[in-house]
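Me: I have a protein model open and want to learn to read it. Where should I begin?

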Amino acid sequence: MSGTQRFYRYGDKVKYWIAFNEINGARFTPFNSLGIYAEGSEHFVQDCYQAVHHQFVASALATKMLHERYPEAKIGCMIAKFTTYPATCNPEDAMLSVIDEQIDNYFFTDVLLRGAYPRYIHRYFHEHDISIQAQDEDFELLKKHTADFLAFSYYMSSISSSKKEDLQKTDGNLREQLKNPYLETSEWGWQIDPIGLRYTLNTLYDRYQAPLFIVENGIGANDTLDEQGEIHDDYRISYLAKHIEQIREAVIDGVIVIGYTAWSSFDIVSSGTSEMSKRYGFIYVDLDNHGEGTLNRIKKASFYWYQKVIETNGASLFEEK
């Protein structure tokens, strides 16, 4: 079903849309995000950013189409948010964290929310011999049809260092990253940083003054059944509770947050590791890494906990304290 068909079929029912999922994935998984692989490209980086430009234009066209047919509907842009801190108070680390934020995150959201290529990307293009082929009408589309809100996934934070060789590395969403000694990690090495979500919400809202939507947040874990055939995933409850509490703090700060959806409702094959044993869901699915199992569904402890969170619009989190 094409995008146009989806608008026509669901436009009077669905009020919030996203054109591209984690559009900045082009920086880290270009084959999955763009269908481009290095071995088949003479100028790989050039080809990636050219493809991203086409995605920007496609997003603007989708925004134009939706707004014309369903003026009350909203369409947003979406990134995998790579929140980064300077590893030290060394000015070189601080400057590098600014550049990492620009190239990994803000380039994509600046274009889609502000409607123009930002100044800093021209230096990056020059230094990497990138020349985007575009028409004048492309930039007119980007300017006129910007996103209504900013959606993002948030799982962990990272650090920027001018001396990477001196620091330990760990895993993360879409890429390996430097380990922050102040944070705990999941079984798969993803750094757990609830306060980083409040930090992220504040910095994004200060930059764009646009409504924010957290569309992915969760923890991958090796959930196991006990003797009664139940899953007591207290670690998932703790992770989600701490992050939702920080969303509340950001709202008190003055940030406009229009939604939150956890990842995910039930267990599926992990995108990052292609295994079933890295589970994110509130519902356990009886399937192993080799595709063997009954496919039976079992509600985890987090299912009942999150059900109450939804029913009380988060009030249950603070009643427990």
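**Reading a helix and its charged pairs**

Reply: Start with a bend. This is a predicted model. Helix α4 has a kink of about 55°, centred on Tyr 106.

Me: How far apart are the end C-alpha atoms of α4?

Reply: They are only 29 Å apart. A straight helix of 24 residues would reach 34 Å. α4 covers residues 91–114.

Me: Which residue caps the N-terminal end of α4?

Reply: Asn 90 does. One of its side-chain oxygens lies 2.9 Å from the backbone nitrogen of Glu 92. After α4 comes Gly 115, with a positive phi near 85°.

Me: Now charges. How many salt bridges does the structure hold?

Reply: Side chains of opposite charge can pair when their charged atoms come close. The structure holds 15 salt bridges. One of them involves α4: Arg 27 pairs with Asp 104, with the closest N and O atoms 2.9 Å apart. This pair links distant parts of the chain, 77 residues apart. Arg 27 sits in the loop between β1 and α2, and Asp 104 in helix α4.

Me: Is Asp 104 buried or exposed?

Reply: Asp 104 has a relative accessible area of 2%, so it counts as buried. Buried means under 20%. Arg 27, at 28%, is partly exposed.

Me: Which residue forms a salt bridge with Asp 267?

Reply: Lys 300 does, at 2.9 Å from N to O. These two lie in separate loops, 33 residues apart. Asp 267 is buried at 2%, and Lys 300 is buried at 0%. Both belong to a network of salt bridges that also includes Asp 223, Asp 233, Arg 236 and Arg 279.

Key: Residues numbered from 1 in each chain as written. Predicted model: local features only at pLDDT ≥ 70, side-chain atom pairs only at ≥ 80, totals over all residues. Heavy atoms only, no water. Helix = DSSP H or I, 4+ residues; strand = E, 2+ residues; numbered from the N terminus. Expected span 1.5 Å × (residues − 1). Bend = angle between axes of the 7 residues up to and from the residue. Polar contact = N/O pair within 3.5 Å; in protein donor to acceptor, adjacent residues only side chain to side chain. Salt bridge = Lys/Arg side-chain N within 4 Å of Asp/Glu carboxyl O. Buried < 20%, exposed > 50% of the residue type's maximum accessible area, 1.4 Å probe, protein only.
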